[in-house]
Amino acid sequence: MSNQQKLSPWHNQRVLITGVCGSVGQELLRQVINYAPAEIIGLDNNESELFFLNEAYRDTPNVHLFLGDVRDRDKLSWAMRGVDIVLHTAAFKHVIICEQSPGTAIQTNILGVQNVIDAAYQNRVKRVLFTSSDKAVNPTNVMGTSKLMGERLMTAANARRRGDGPIFASTRFGNVLGSRGSVIPLFKKQIANGGPVTLTDPRMTRFIMTLQQAVRLVMDSTFLACGGEVFVTKMPVVKIADLARVMIDVLAPRYGFAPEQIEIKIIGVKPGEKMYEELLNEEEIRRTIELPDYFVVLPAFQSVYEPIKYQYPSMNEAGVARPYNSAVETPISQAELKDYLLTHQLI
């Protein structure tokens, strides 16, 4: 066994990953298993994907994957027996789908979070980490609003903790490039078909991160958390038009096209979609701590039963001066974006 495994806080822990068949869930499983946990329990309601994931880990004795849904409180409670750490990634994440089926989105993204909280209390889990979204900041749609409510439920749960009860915290993602549902697979398919590449608005900007960075945020935040915080990774900003242009320049020749043959078609901003994304808003910055790689948004409400001292390695005592949103951050250049995409093997 390596020193890395011996010293890792994941060593000999029992870990539950909800939504284990999703992009983030699978990457969490892949990375956490390297640190010699006692057991990883995976839960997902996607039967087909669960079957294939089971096959991939059939020779890994400390990985156990089960069919289940976060809307089923009894199944969650059963799955958490003896568990130390819960990584809650299960959610509906597509804006349009949640808008068309808001009741179902609420059941999974809000009531599902509360079920996780209740099961964690019941089983005296040590730590619970919830994965949120930049769309939770000043939300304009059902999906973003449900994620914001998930964050609030986690913070409120932590405010009620007593003694050695679970520590609850959240992480807030930008756009995870290369994950299912991200724009990269869509652009890639459109380029392979000879175009056009559909662009909502050339002025649109987004925060970006890789799947590996997203999972690193989850894993770091799990043990950095003092309770009730929201962790935000510092990440680059891109213009979506630059992303389309760079992908065309790189990928078109691979599919037998000249880049100039691939048309970029402007289709307009979708309902409920922002021109920019936010990771910290004006209200939050007054209670945000800056770390070298992260921002930490502290709870607006104090803990009910015990004071929490928020201390982190290399924290900046000066605080944060302005909101963190993609409209005011300088986008990386097309050359930098190309290097980012190729370095991280995203295209």
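Which helices and strands do the buried residues of H7 pack against? In this predicted model, the partners are helix H5 (95-100), helix H6 (102-123), strand E5 (127-133), strand E6 (167-173) and strand E10 (230-233).

**Helix H7 and its start**

Let us begin with the helix itself. H7 covers residues 142-159, which makes 18 residues, and spans 26 Å from its first C-alpha to its last, close to the expected 26 Å. Its buried residues include Met143, Gly144, Leu153, Met154 and Ala159. Polar and charged names appear in the buried set as well, among them Lys147, Glu151 and Asn158.

Just ahead of the helix, Asn141 sits in the loop between E5 and H7. Is Asn141 buried or exposed? Its relative accessibility is 6%, under the 20% limit, so Asn141 counts as buried. Its side chain also reaches toward the beginning of H7, as this small table shows.

| Asn141 group | Partner atom | Distance |
|---|---|---|
| Side-chain oxygen of Asn141 | Backbone nitrogen of Met143 | within 3.4 Å |
| Side chain of Asn141 | Backbone nitrogen of Gly144 | 2.7 Å |

Leaving aside residues up to four places away in sequence, Asn141 touches Val95, Glu99 and Gly272.

**A sheet of three strands**

Next comes an open sheet with the strand order E7-E9-E11 and mixed pairing. Strand E7 (175-177) and strand E11 (237-239) form its edges; each has a single partner strand, so one side of each has no neighbour in the sheet. On average, neighbouring strands here are turned by 55 degrees against each other, direction ignored.

How do strand E9 and E11 pair? Strand E9 (residues 205-210) runs antiparallel to E11, and three bridges join the two. Arg206 has Val238 in E11 as its bridge partner. Helix H10 (residues 240-251) lies across E9 and E11, at about 75 degrees to E11.

**Two nonpolar cores**

Finally, we can look at the nonpolar cores. The largest contains 55 residues, and Leu29, Leu87 and Tyr312 have the most contacts inside it. Helix H9 (residues 211-224) supplies the largest share of this core, with six residues.

What does Tyr312 touch, not counting residues up to four places away in sequence? Its contacts are Leu224, Cys226, Glu229, Phe231, Ile289, Leu291, Val296 and Leu298. A second core, separate from that one, has 26 residues, including Leu199, Ile248, Leu251 and Ile332.

Terms used. Residues numbered from 1 in each chain as written. Predicted model: local features only at pLDDT ≥ 70, side-chain atom pairs only at ≥ 80, totals over all residues. Heavy atoms only, no water. Helix = DSSP H or I, 4+ residues; strand = E, 2+ residues; numbered from the N terminus. Expected span 1.5 Å × (residues − 1). Buried < 20%, exposed > 50% of the residue type's maximum accessible area, 1.4 Å probe, protein only. Contact = heavy atoms within 4.5 Å. Polar contact = N/O pair within 3.5 Å; in protein donor to acceptor, adjacent residues only side chain to side chain. Pairing = 2+ DSSP bridges. Axes fitted to C-alpha atoms, helices over the stretch in contact; angles between N-to-C directions. Core = buried A, V, L, I, M, F, W, Y, C linked by side-chain atoms within 4.5 Å.
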